Amino acid sequence: MLSALTNSLKVKGLREKIFFILAMIAVYRIGAHIPVPGVDPARLSELFQQGGLLGFLDMFSGGALRRFTIFAMSINPYITASIIMQLLTVVIPKLEELSKQGQEGKKAIAQYTRYATVVLALIQGFGITLWIKNLGAIANPSYFNLFTIIMTLTAGTAFLMWLGEQITDKGIGNGISIIIFASVISRAPSAVIGIFRKLQVGTINIFNVIFFLLIAVVVVAAIIYIQQGERKIPVQYSKRVVGRKVYGGQSTHIPLKINQAGVIPVIFASSVLLFPATIAKILPYDWAQSIANMLSPGSVLYTVIYALLIVFFTYFYTAIQFNPREVADNIKQNGGFVPGRRPGRPTAEYLDRILTRITLAGAIFLAGVAVLPNIVMPLTGIQVRFGGTALLIVIGVALQTMKEIETHLLQRHYQGFME
């Protein structure tokens, strides 16, 4: 991995892509420190000391929500809009047809997603503005100032959406995932400083830290192992004689990853739970605050629903990414077959059965790692927001980006060899 990164800096095209990503991340981090006009962030800071829902939201915004900057809502409305569009693609025939029309269809769906993002950002911005107004964090709560705050928050989310698309088009990897990666990793230094401060005051001892680090190393190794793990389905292609030449006859395999969906289920599950909890937190009613507390990270209800949602989205996203029937048809059309299975429907059923089993293992693992901090923190006495969800996102995005870098290097090597 390190050698691939070193080699990528020697290639002009890859080097430009990497520097472009770093420049866009720098723009994002600068924007995460530009405050929204008319808001007193000091009035809000004490609320984030309690952690819970607000602390979890602040982790995804990279500290922008705590400071109430122009990127306070981060990219969460876009993620929610993407989830809604993917769900609608399954149930609405017109959207399903668009998804099968290649690049043009994907562009149309992406445009609908952008419109939905702006609408959701306006709704969420309106709710957050009312919330901070009730807390007295707006010096002059006139209609013009409230409108300015709402539009600033919405524009910040729209800009981040555009920034993510630019990273995807001109950089390497998925731009939205890289923005979330930058948000999460920016919280690591403050977490480390917090641990050292607790050591100094004697709240925790060195054995707690060592135990915590051992668990972290084991979890990181397990995440990498599962993310890289795959089941190889052998495929044999029969020989074909065309004129005087013989084609086919080779053996290959279909790599079915244990975690086919990557880190997307964790991000989706977090966004789905955060949206109603955020709305409930904003409403000035006792019953709404009770719902917000029940859906706050760390609560029993949140943990159970979070784990179930991760399992659901793992299967859902895997079904979108990998269609056993299409794969079986492609194998059959190219004169291939899975040893011991008849081409066509029997092969599709076999692939579906294997995928269902290994996806269950991947989904349970993702859910387990995501809720692991609720067990580890009481044992070690170390309270950090850089927990299982953050590790899954950071490691998943890092592995995927490094794979794409290695793919670019491999393609360049083959091109040079052919020339």
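Buried here means under 20% relative accessible area. Thr152 is a case that needs the cut-off: with a relative accessible area of 18%, Thr152 falls under it and so counts as buried. The model in question is a predicted one. Thr152 sits in helix H9, and once its neighbours within four places in sequence are set aside, its contacts are with Val36, Pro37 and Ile70.

Stepping back to the whole chain, there are 19 helices and five strands. Of its 419 residues, 45% count as buried. Among contacts with a separation of 6 or more, 73% are made by residues 24 or more positions apart.

What does the nonpolar interior look like? The largest nonpolar core runs to 63 residues, and the ones with the most contacts inside it are Ile75, Ile180, Ile223, Tyr306 and Leu392. Helix H19, residues 388-418, puts in the largest share of this core, with 11 residues. There is also a second, separate core of 15 residues, with Val36, Phe68, Ala72 and Ile149 among its members. Val36 turns up in the Thr152 story too, as one of the contacts of that residue.

Now for the helix packing. Two packed helices are described by the angle between their axes and the distance between the axes. Take H6 and H8 to begin with: their axes are 8 Å apart and the pair packs at an angle of about 130°. H6 and H8 are therefore oblique to each other, and their crossing is right-handed. On the H6 side the contact is made by Pro77, Tyr78, Thr80, Ala81, Ser82, Ile84, Met85 and Thr89, and these meet Ile109, Tyr112, Thr113, Ala116, Thr117, Leu120, Ala121 and Gln124 in H8. Sorted by class, that contact has 10 nonpolar and six polar residues, with no charged ones.

H8 (residues 102-134) also packs with H9 (residues 143-170), the axes coming within 8 Å and crossing at roughly 140°. That makes H8 and H9 oblique to each other, and the crossing is again right-handed. From H8, the residues involved are Arg114, Thr117, Val118, Ala121, Leu122, Gly125, Phe126, Ile128, Thr129 and Lys133; from H9, they are Leu146, Ile149, Ile150, Met151, Leu153, Thr154, Thr157, Met161 and Glu165. The class tally for this contact is 11 nonpolar, five polar and three charged residues. Two H8 residues, Thr117 and Ala121, appear in the contact with H9 and also in the contact with H6. Ile149, listed here on the H9 side, belongs to the second core as well.

H9 then goes on to pack with H10, at an angle of about 115° and with the axes 7 Å apart. H9 and H10 are therefore roughly perpendicular to each other, and their crossing is right-handed. Leu160, Met161, Leu163, Gly164, Ile167 and Thr168 in H9 meet Gly175, Ile176, Ile178 and Ile179 in H10. By class, this comes to seven nonpolar, three polar and no charged residues. Met161 of H9 is found in this contact and in the one with H8.

Back to the backbone, and a couple of oddities. Most residues other than glycine have a negative phi, and most peptide bonds are trans. Phe68, however, has a positive phi, near 50°, and Ser74 has one near 55°. Where are they? Phe68 is found in the loop between helix H5 (64-67) and helix H6 (76-91), and Ser74 lies in the loop between H5 and H6 too. Buried or exposed? Phe68 is buried, at 1% relative accessible area, and Ser74 is buried as well, at 2%. Phe68 is also one of the residues of the second core.

Two other loop residues are worth a look for their partners far along the chain. Ser186 has its place in the loop between helix H10 (175-185) and helix H11 (188-201), and it is partly exposed, with a relative accessible area of 25%. Its C-alpha atom is separated by 8.0 Å from that of Gly63, a residue 123 positions away along the chain. Pro297, in the loop between helix H14 (286-294) and helix H15 (300-321), counts as partly exposed at 23% relative accessibility. Here the partner is Val371, 74 residues apart along the chain, and the C-alpha atoms of the two are separated by 9.4 Å.

Definitions and conventions:
Residues are numbered from 1 along each chain as its sequence is written. This is a predicted model: local features need pLDDT of at least 70, side-chain atom pairs count only at pLDDT 80 or more; totals for chains, interfaces and linings use all residues. Side-chain values use heavy atoms; hydrogens and water are left out. Axes are lines fitted to C-alpha atoms, for helices over the stretch in contact, and angles run from 0 to 180 degrees between N-to-C directions. Helices (H or I, at least four residues) and strands (E, at least two) are DSSP runs, numbered from the N terminus. Angles under 35 degrees count as roughly parallel, over 145 as roughly antiparallel, 65 to 115 as roughly perpendicular and the rest as oblique. A crossing is left-handed if the near helix is turned anticlockwise from the far one by less than a right angle, and right-handed if clockwise. Contact means heavy atoms within 4.5 Å. Ala, Val, Leu, Ile, Met, Phe, Trp, Tyr, Cys and Pro count as nonpolar, Asp, Glu, Lys and Arg as charged, and the others, Gly among them, as polar. Buried means under 20% relative accessible area, exposed over 50%, partly exposed in between (1.4 Å probe, protein chains only). A nonpolar core is a set of buried Ala, Val, Leu, Ile, Met, Phe, Trp, Tyr and Cys residues joined through side-chain atoms within 4.5 Å.
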